[in-house]
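Dear colleague,

I am handing over the structure we spoke about, with the sequence alongside. Please find it just below, followed by my notes on what was found in it.

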Amino acid sequence: MSDKFMDINKLREDFPILKEKINNYNLVYFDNAATSQKPNQVLDAMLEFYTKYNSNIHRSANAFGEKATIAFEQARVTIAKFINAEPEEIIFTSGTTESINFVAFTWALDNLKPADEIVISELEHHSNMVPWQQVAIKTGAKIKLIPVGLDWELDLSNLDDIITKNTKIVAITGASNVLGTHVDLKPIVKRAKQVGAKVLVDAAQSVSHKKIDVKAIDCDFMAFSGHKMLAPTGVGILFIKKDLQDQVKPYQFGGGMVFEVDYDKASWLKNRQKYEAGTQPIAQAIGFGAAIDYFNNKIDMEQMAKHEANLCKRAIDGLQAIGGIKILGPIDRLKKTGHLVSFVVEGIHSHDVAAYLSDFGICIRAGHNCAQPLAKKIGIDAAVRVSFYFYNTEDEVDYFLSKMGEIRNNF
Ligand code: PLP
């Protein structure tokens, strides 16, 4: 634990949007798993780029071009350090979805054939499921699933039968966007390595809530989005392990990634440079770097996780006291390590719950949460999800609970 003291009320002052109102009610933003809010430091970094040195990067030999290139590349270094990667292993994409599609439509299409196997889990977000379905259709490979057990955890008891010598890639989430549970990646990565399979971690919901070390995890690919961790939309990261980059072809072709071009052929730059074709999301990447600076300067990841788990506990205890509400997920674990709570209210559709709460300034998510197969497995068509970040408070949870009580009484 670091010596950073996280004064939540002080941190909230960095987020101008948190002072907004809906229908004259103070905003309570509990939809952080969908996207987080952005602090002034991130907004200022992007405004400064656009107002003081807007230019393209890696091409314009002028003062602004150089300054923009340095800022963009500094963001790469900052992000790399945050997950203990090398800068050369960090590729800017538009987000988690593009990062996963990148691996699916380059490395996987090039390497998979009929009888090969792709392993994912029943927890996956559509973004880490549908691209693999496409790869399976195109290559004849088969998808196998690590199941979710009755205790809501991934059931690893048959892992050796699921990840076999036929497995070429294991694509697994770091944390569930529906249940809020973090996945124990160790045994999964260990088994994948035993059989020589590659590992992709969908870190969209994990890197924003706990310290991630790609070297310790020992994954080959990692995907995550800036917008879920204080940065703007339109920028994400694909980590590709250095040793593997010779085996992963470019995903897109065009300016910026080429070495030499003739009318009938082209060759590309080496290593990471071959992956970033066209004008990059420059302002967004600079904003992403500022977001990571914000974490480094102001946030203690352990204190943050404790604070979020405490909000989960308060929300779960309150919802259970109201009654007629089924919490989805391992309750005891969520109270200790969760950052979100999904639930269904007996006899009331989740969209009605969301609409009611929204009238009173509370933003939450309702629906299948981009995980339809998991919803079907659980036997629901939709759920309510409240997802927290470090800037949420106990008072906000209490206000939300008071409105949930009204919903139970009024509907
Ligand atoms: N994976 C998980 C676990 C997610 O929660 C999300 C978004 O909610 C994604 C992938 C997709 O992220 P994006 O829409 O930023 O590409």
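Two strands are said to pair here if DSSP finds at least two bridges between them. By that rule, strand 5 (residues 117-121) and strand 6 pair in the parallel sense, over five bridges, with glutamate 117 standing opposite lysine 142 of strand 6. Please bear in mind throughout that this is a predicted model.

Strands 5 and 6 belong to an open sheet of seven strands, whose order is 4-10-9-8-7-5-6 and whose pairing is mixed. At its edges are strand 4 (90-93) and strand 6 (142-146), each of which pairs on one side only. Ignoring direction, neighbouring strands of this sheet are turned by 20° against each other on average. Helix 3 (residues 63-82) packs on the sheet, where it touches strand 4, strand 9 (221-225) and strand 10 (236-240), and its direction makes about 115° with that of strand 4. Helix 7 (residues 185-194) also packs on this sheet, touching strand 6, strand 7 (167-173) and strand 8 (198-202), with a direction that makes about 170° with that of strand 7.

The second sheet to look at is an open one of four strands in the order 13-14-17-16, and its pairing is antiparallel. Its edge strands, each pairing on one side only, are strand 13 (325-328) and strand 16 (365-367), and neighbouring strands in it are turned by 30° against each other on average, direction ignored. Within this sheet, strand 14 (residues 340-345) and strand 17 (residues 383-387) pair over four bridges in the antiparallel sense, and serine 342 stands opposite arginine 385 in strand 17. Helix 10 (residues 301-322) lies across strand 13 and strand 14, running at about 15° to strand 14, while helix 12 (residues 350-359) lies across strand 14, strand 16 and strand 17 and runs at about 160° to strand 16.

Turning to the ligand, the residues that surround it include Thr96, Thr97, Ser127, Thr173, Asn177 and Lys228, and by class the shell has nine polar, two charged and one nonpolar residue. Among the polar contacts, a nitrogen atom of the ligand is 2.6 Å from an N or O atom in the side chain of aspartate 202, whereas an oxygen atom of the ligand lies 2.6 Å from a polar side-chain atom of serine 225. Histidine 125 has a polar side-chain atom 3.4 Å from an oxygen atom of the ligand. On its own the ligand has 390 Å² of accessible area, of which the protein covers 85%.

With best wishes

Technical notes: Residues are numbered from 1 along each chain as its sequence is written. This is a predicted model: local features need pLDDT of at least 70, side-chain atom pairs count only at pLDDT 80 or more; totals for chains, interfaces and linings use all residues. Side-chain values use heavy atoms; hydrogens and water are left out. Helices (H or I, at least four residues) and strands (E, at least two) are DSSP runs, numbered from the N terminus. Axes are lines fitted to C-alpha atoms, for helices over the stretch in contact, and angles run from 0 to 180 degrees between N-to-C directions. Contact means heavy atoms within 4.5 Å. A residue is near a molecule or strand if one of its heavy atoms lies within 4 Å of it. A polar contact is a pair of N or O atoms within 3.5 Å; within protein, one must be able to donate a hydrogen and the other to accept it, and residues adjacent in sequence count only if both atoms are side-chain atoms. Accessible areas come from the Shrake-Rupley method with a 1.4 Å probe; for residues, only the protein chains shown count as cover. Ala, Val, Leu, Ile, Met, Phe, Trp, Tyr, Cys and Pro count as nonpolar, Asp, Glu, Lys and Arg as charged, and the others, Gly among them, as polar.
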